[in-house]
Amino acid sequence: KPREKAPLVVLVHGWSGNSLGVWNAFFVKAARAFVKSDFAALRFDFRGSGNSEGSFEDQTISSMLLDLKHVLNQITKHEAINSNEIYLVGHSQGGYISILHTAKDKRIKAVILWMGRTSDLKDFWSKTTLDDMARKGYAIWDEYKVLNKKYVADSMKYRSETVLRKTKIPVGMIYGEFDTVVPPSEGLRVK
């Protein structure tokens, strides 16, 4: 009897994260749990993150969307993967990227926001941070000198609210009550 193709869970890491997740390698643990439940699981690094090539400072929302698209197109060619049953689990900014990606990919059946950001840059970062970036050419956030003009200009092209209003697939949310980086209010935007 031929083996059934497995549904695929793709773990999409957040800003300054990598394919391990962060802290205690929680993406590794999550992937193992999905595999035990008969899913295929994929963890990957956006360009400039983790073990991938490129410079973190050159990363943009557009580059991350393109990376996710290429990763999905490549992995779904595998004979063991059900290319019509894909689930995205996005952590932090990976949640934002996952939401934006669903607007263009009908293979996605559900998205889980794992402390996932849903706000656009103009709503997420303060005017003070953006003004500082405009004056100096960069802003420091989380010890990284990466909020550069290129990232900001690219980010302004995206509107998650438009995508969220049109989303017909299930969106699950997991937030920590006392999280100050991606607070539970991010999930309240998803109705």
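Modeller: Two strands pair if DSSP finds at least two bridges between them. Keep that rule in mind. This model is predicted.

Colleague: What makes β1 and β3 a pair?

Modeller: Count the bridges. β1 and β3 share six, in the parallel sense. The rule asks for at least two, so they pair. One bridge puts Ala 6 opposite Ile 81 in β3. Another joins Leu 8 to Ile 86 in β3.

Colleague: How do you know that β1 pairs with β2?

Modeller: By the bridge count again. Four bridges join β1 to β2, and the two strands run parallel. The cut-off is at least two, so this is a pair. For one position to look at, Val 9 faces Ala 41 in β2.

Colleague: What makes β3 and β4 a pair?

Modeller: Six bridges join β3 to β4, and the strands run parallel. At least two are needed, so the rule is met. Find Tyr 87 on screen: its bridge partner in β4 is Ala 110.

Colleague: Which helix sits between β1 and β2 in a β-α-β unit, and what is the hand of that unit?

Modeller: Helix α1, residues 26-36, and the unit is right-handed. Point the strands away from you to check. The path from the first strand over the helix to the second must run clockwise. β3, α3 and β4 also make a right-handed β-α-β unit.

Colleague: Why is helix α3 called mostly covered?

Modeller: Helix α3 covers residues 93-102, and 10 of its 10 residues are buried. Among them are Tyr 96, Leu 100 and His 101. These buried residues pack against β1, α2, β3, β4, α6 and α7. β1 is mostly covered too: seven of its seven residues are buried.

Colleague: Why is Gln 93 called buried?

Modeller: Its relative accessible area is 4%. Buried means under 20%, so Gln 93 qualifies. Gln 93 lies in helix α3. Leaving aside neighbours within four places in sequence, its contacts include His 13, Trp 15, Met 64 and Arg 117.

Colleague: What makes the link between Gln 93 and Tyr 151 a polar contact?

Modeller: The distance is part of the test. The two side chains come to 2.7 Å. A polar contact needs N or O atoms within 3.5 Å, one able to donate a hydrogen and the other to accept it. The pair counts as a polar contact.

Colleague: How many salt bridges does the structure hold?

Modeller: Six.

Colleague: How do you know that Asp 58 and Lys 150 form one?

Modeller: Their closest N and O atoms are 3.9 Å apart. The limit is within 4 Å, so the pair is a salt bridge. Asp 58 lies in the loop between β2 and α2, and Lys 150 in helix α6, so the bridge ties together parts that are 92 residues apart in sequence.

Colleague: Are Asp 58 and Lys 150 buried, exposed or partly exposed?

Modeller: Asp 58 has a relative accessible area of 44%. Lys 150 stands at 47%. Buried is under 20% and exposed is over 50%, so values in between count as partly exposed. Both residues fall there.

Colleague: What makes Lys 122 and Asp 123 a salt bridge?

Modeller: Their side chains meet at 3.4 Å, N to O. That is within 4 Å, so the test is passed. Lys 122 is partly exposed at 40%, and Asp 123 is partly exposed at 46%.

Colleague: How do you know that Asp 154 and Lys 157 meet in a salt bridge?

Modeller: The N to O distance is 3.0 Å. The cut-off is within 4 Å, so they count. Now compare the partners. Asp 154 is at 9% relative accessibility and is buried, whereas Lys 157 is at 56% and is exposed.

Colleague: Why is the pair of Phe 27 and Trp 114 called tilted?

Modeller: First comes the total: seven aromatic pairs. In this pair the ring centres are 6.0 Å apart and the planes are at 35°. Centres must lie within 6.5 Å, so the rings pair. Stacked needs under 30 degrees and edge-to-face over 60, so 35° is tilted. Phe 27 is in helix α1 and Trp 114 in strand β4, so parts 87 residues apart in sequence are tied together.

Colleague: Which residues form one aromatic cluster?

Modeller: Phe 26, Phe 27 and Trp 114. Phe 27 is at 0% relative accessibility, so it is buried.

Key. Residues are numbered from 1 along each chain as its sequence is written. This is a predicted model: local features need pLDDT of at least 70, side-chain atom pairs count only at pLDDT 80 or more; totals for chains, interfaces and linings use all residues. Side-chain values use heavy atoms; hydrogens and water are left out. Buried means under 20% relative accessible area, exposed over 50%, partly exposed in between (1.4 Å probe, protein chains only). Contact means heavy atoms within 4.5 Å.
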